[in-house]
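Thanks for sharing this one. Here are my notes, point by point, to read with the structure open beside them.

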Amino acid sequence: MLEVRGLCKSFAGFRAVTDVHLMVAEGEIAAVIGPNGAGKSTLFNLITGHLRPTAGQVFVDGRDVTGVAPYRICGMGLGRSFQRTNIFPKLTVRDNVQAALLAHRGQGHNFWSRAGLLCRDEAEQLLASIGLARLAHAIAGTLSYGNQKQLELGIALASDPKILLLDEPTAGMSASETHETMALIGRIARERGLTLLFTEHDMAVVFSIAQRIAVMHQGRLIAHGEPEAVRADAEVRRVYLGEQPAGPR
Amino acid sequence: MKPSATSLARRIPWTLVVFVLALTIPWVGSRYDTFLATQIAISALFAVSLNLLLGTTGLVSFGHVAYFGIGSYVCGILMKTYAVPFTIALPAAALGAGFGALVFGFFCVRLTKIYFAMLTLAFSQIIWAICFKWNDVTGGDQGLPDVPYPDLGWMSSIPFLEDLRISDQFYVVTLVVVMLSLAAMQRIINSPFGLMLKTIRENPQRAASIGLDVRGYELAAFVVAGGFAGIAGALFGIFNRGVFADYVYWPKSAEVMIMTILGGIDHFWGPVIGAATLVLLNKETTSYTEYWPFVLGSILLVLLFVFPGGIAGGLTSAMGWLRRRRGGA
Amino acid sequence: MVDVSLLFGQFLGGLTTAMFLFLIASGLSLVFGVMRVLNFAHGSFYMVGAYLAWQAVHWLSPMLQSFWLAALAAALGVSLLGGIIERLLLRRIYGREELYQLLLTYALVLILGDAAKALWGTQQLSVSRPAALAGGIEMLGTTLPIYNLFIMLTGVAIAIAGWLVLSRSPAGRMVRAAALDREMLGALGANVGALYTGMFVVSSFLAGLSGALITPIQSIVPGMDVEIIVEAFIVVVIGGLGSFWGTFWGSIIYGQVLSFGILILPSFSLFSVFALMAVILIVRPWGLFGRPL
């Protein structure tokens, strides 16, 4: 579903990402982990078109999407949620997802119908599936952090992606919130047959849900495979030496 | 359960009520009242068109008067120099202004924030310089005095309208054009396209990642706003009995922006309220003192520090506060 | 065939305009570079400086004929005004959106403009050239007024002084640091608030001084505030918002474009400076010497 070949990114001589090869099969749940500054967010930005790679290619569902602008990549089945909550604060929760739905259905050019009426049912269904139905009319900016992250997920799902990239979906959450969120994400992924690629710092989360793990360090991929293989990998252990596994941030 | 005052208020078609009331002014009011009402209507249209950029899309344009100016000059030149009828000159003005917005907007939307604002200002001053200097076409610093009224003879055959003076008849035409334009803009803002613009205002990066070509949408908003500003300009040229370069000078952009913010950028009718307030305040103040800029500057300071949401923002806050008190009691 | 004296005359005129604009625009650029505020009222400070200089000359004239004292008094007066405005008004609006900052400074333009009108009326006022700088020098067939030469030299002196202060002194280092990352500077314990006030006072001083210095060659009229601020904007855009040397070279370029523009296409000189501004913004928005924001 997602393939990354030889991806490199340099910023004025600083090599943020070097020669990354990654493959995520359809329906798989994969995680990218690594210490801070390993280049995980840069990798995500390269995949979703927010940054142009210095070298290498990205394929989604067989199509070359290297360097395609973010607004076009959305239509190619790639969805993304951001590390820092990235919603439309002054709009209502329902408008947030409705906007994404309308954009996806190509209704953005429609300047005559009433926006509130189109895709209303789908918006409500989507909100229900992520547990925000009762907050549909709340102003998004007033939501709690956890709810905003759920909304973030909802907006990404509205574009009907085939593969979803989640940048630290449980950042800043307590242990129980983390558990709930990952359960929700896992359920949705299974229901919709989504492919999932996420980054995380919380090792308990990663090892409980990921089917494949990629480990990055200083811009390079140092390990890639099944959780047990990665856990046993000598290089990975060296890089993470001293870091406590599990536990929220 | 008895419906509350606010829910009743929401059911009344305010637009229609305002339109009908405004329509009666030539009969119930004086010549001066009609004069003021015409000015308010035109300013309201201009301000709402700016708010399509400012309030809906989040684009701070300091050069919106350029399109008002293009509209004025196109309509004025066509009607005065070439004796083109109003029914053609008005759409031509809108198209001319829209085209100007397309050309200028293409470059402007590639910039953000302060650079965007400065480029809109630069383009607006270019238009001013052209209008000020191109004596052959625009009349240069003398402008185009005596722009004719449109041929309103047909109005004499409509009951109620035959006894009106020409300026009153023109007021009726202006009111209808303005209301139709406002209705169109309201429709656009409440449409899916309008919702896309709002997402761009809220979070351009996220808007891109839901699939929007942000620059394309901003350019579209720029063109639509420019077109409607052009209509306002065309009407103004006739109302003012002349088109002059003064009205394209950059402080006019600041003036319409103040109107918009005074009324409240978060509400569709905000700029209309702002326009009415400012026009009336201006007329009142200038009859007592020549220090209108001082008054305007002070109003602006009060707005910035005390009522950033403008009049409409203040009203809705007050209504919300009342509703909460009633709910809690 | 080519009239050298005419061309040279235009060139000198362009330089005078340039250095004089540099005096004004340097303050504008400084404030923007450090505080990220585009001060519309900068032109108003310039105008107030001019009026204060005239007023000072009039108060002093029975006893003392000193243009220099008047100019200094005017500049100090304007810097006091600037300081008060910064502490009372500008300070409260720093965190808010740029639009509100711009509107605040525009409100000041309106208020100061009318205040000047109330105090000094709408008549044109003028100040006579100081005797020491009267007369002119013959150069290549054209006469350069000595006062204009003085303006040029002052501009260059301020440029050099400013550059030295910014690059060598501790205060200058703070200013440059603030321009790059003010949050960090605050976190390091520097008194950012005092820095901002200081910058604004210096900027107002420069504006007031330029206003005072222009009075012997240009009459003081209402509307000079609005006229000059647009020119100052053009200069800082060309040179680069926040760049000190950019403002210097931007002024030179503007001065020559205006000067020769009038010669080549008289009716288009007005158009050409705005077109230049637009072209720079399109092609290289951060100006010739600026850094992308």
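1. A definition to begin with, for the sheet in chain A: two strands pair if DSSP finds at least two bridges between them. Please keep in mind throughout that this is a predicted model.

2. With that in hand, look at chain A, where 6 strands make up an open sheet with mixed pairing. Its strand order is 6-7-8-3-9-10. Strand 6 (78-81) and strand 10 (220-225) of chain A are the edges, each pairing on one side only. If direction is ignored, neighbouring strands of the sheet are turned by 15° against each other on average.

3. How do strand 9 and strand 10 of chain A run, and how many bridges join them? They run antiparallel, and 5 bridges link strand 9 (residues 212-217) of chain A to strand 10 of chain A. To find the register by eye, start from I213(A), which stands opposite G225(A) in strand 10 of chain A.

4. The same sheet carries a helix. Helix 1 (residues 40-47) of chain A packs on the sheet and touches strand 3 (29-33), strand 7 (163-167), strand 8 (195-199) and strand 9 of chain A. The direction of this helix makes about 145° with that of strand 7 of chain A.

5. A backbone detail in chain A deserves a look: C119(A) is not a glycine, yet has a positive phi of about 55°. C119(A) sits in the loop between helix 3 and helix 4 (120-129) of chain A. Is C119(A) buried or exposed? The cut-off for buried is 20 or more other C-beta atoms within 10 Å; C119(A) has 22 such neighbours, so C119(A) counts as buried.

6. Chain C offers a companion case. R36(C), also not a glycine, has a positive phi of about 60°. The residue is found in the loop between helix 1 (4-35) and helix 2 (42-60) of chain C. Because R36(C) has 18 other C-beta atoms within 10 Å, R36(C) is classed as partly exposed.

7. Now for chain C as a whole. The chain has 11 helices and 2 strands, and from the N terminus on its elements run α-α-α-α-β-β-α-α-α-α-α-α-α. The radius of gyration of chain C is 19 Å, close to the 19 Å that the globule rule gives for 293 residues, so chain C is as compact as a globular protein of that length. Along the principal axes, the C-alpha trace of chain C spans about 60 × 50 × 35 Å.

8. Two further figures describe the interior of chain C. Of its 293 residues, 50% count as buried. Among contacts in chain C with a separation of 6 or more, 77% are between residues 24 or more positions apart.

9. Which pair of chains has the most contacts? Of the 2 pairs that touch, chains A and B have the most. Chain A and chain C are joined by no contact, and their closest C-alpha atoms lie 15 Å apart.

10. In the contact between chains A and B, 29 residues of chain A meet 22 residues of chain B. Helix 2 (70-73) and helix 3 (93-104) of chain A each supply at least two residues of the side of chain A that touches chain B. Helix 3 of chain A gives the most, with 6 residues. That side divides into 16 nonpolar, 9 polar and 4 charged residues.

11. The contact between chains C and B takes 30 residues from chain C and 28 residues from chain B. On the side of chain C that touches chain B, helix 4 (98-120), helix 9 (224-239) and helix 11 (269-283) of chain C each supply at least two residues. Helix 4 of chain C gives the most, with 13 residues. The residues on this side of chain C divide into 25 nonpolar, 2 polar and 3 charged.

12. Finally, confidence. The predictor gives the complex an ipTM of 0.86 and a pTM of 0.89. The mean pLDDT is 83 for chain A, with 96% of its residues at 70 or more; for chain C the mean is 85, and 96% of its residues reach 70 or more. Among the elements of chain A, helix 3 has the highest mean pLDDT (91) and helix 9 (residues 234-240) the lowest (76). Where pLDDT is low, the predicted coordinates should not be read in detail.

Definitions and conventions
Residues are numbered from 1 along each chain as its sequence is written. Chains are lettered from A and ligands numbered from 1 in the order in which they are written. This is a predicted model: local features need pLDDT of at least 70, side-chain atom pairs count only at pLDDT 80 or more; totals for chains, interfaces and linings use all residues. Two residues are in contact if their C-beta atoms, placed from the backbone, lie within 7 Å. Helices (H or I, at least four residues) and strands (E, at least two) are DSSP runs, numbered from the N terminus. Ala, Val, Leu, Ile, Met, Phe, Trp, Tyr, Cys and Pro count as nonpolar, Asp, Glu, Lys and Arg as charged, and the others, Gly among them, as polar. pLDDT is the predictor's confidence in each residue, from 0 to 100. The radius of gyration is taken over C-alpha atoms; the globule rule is 2.2 Å times the number of residues to the power 0.38. A residue is buried if 20 or more other C-beta atoms lie within 10 Å of its own, exposed if 12 or fewer, and partly exposed in between; C-beta atoms are placed from the backbone. Axes are lines fitted to C-alpha atoms, for helices over the stretch in contact, and angles run from 0 to 180 degrees between N-to-C directions.
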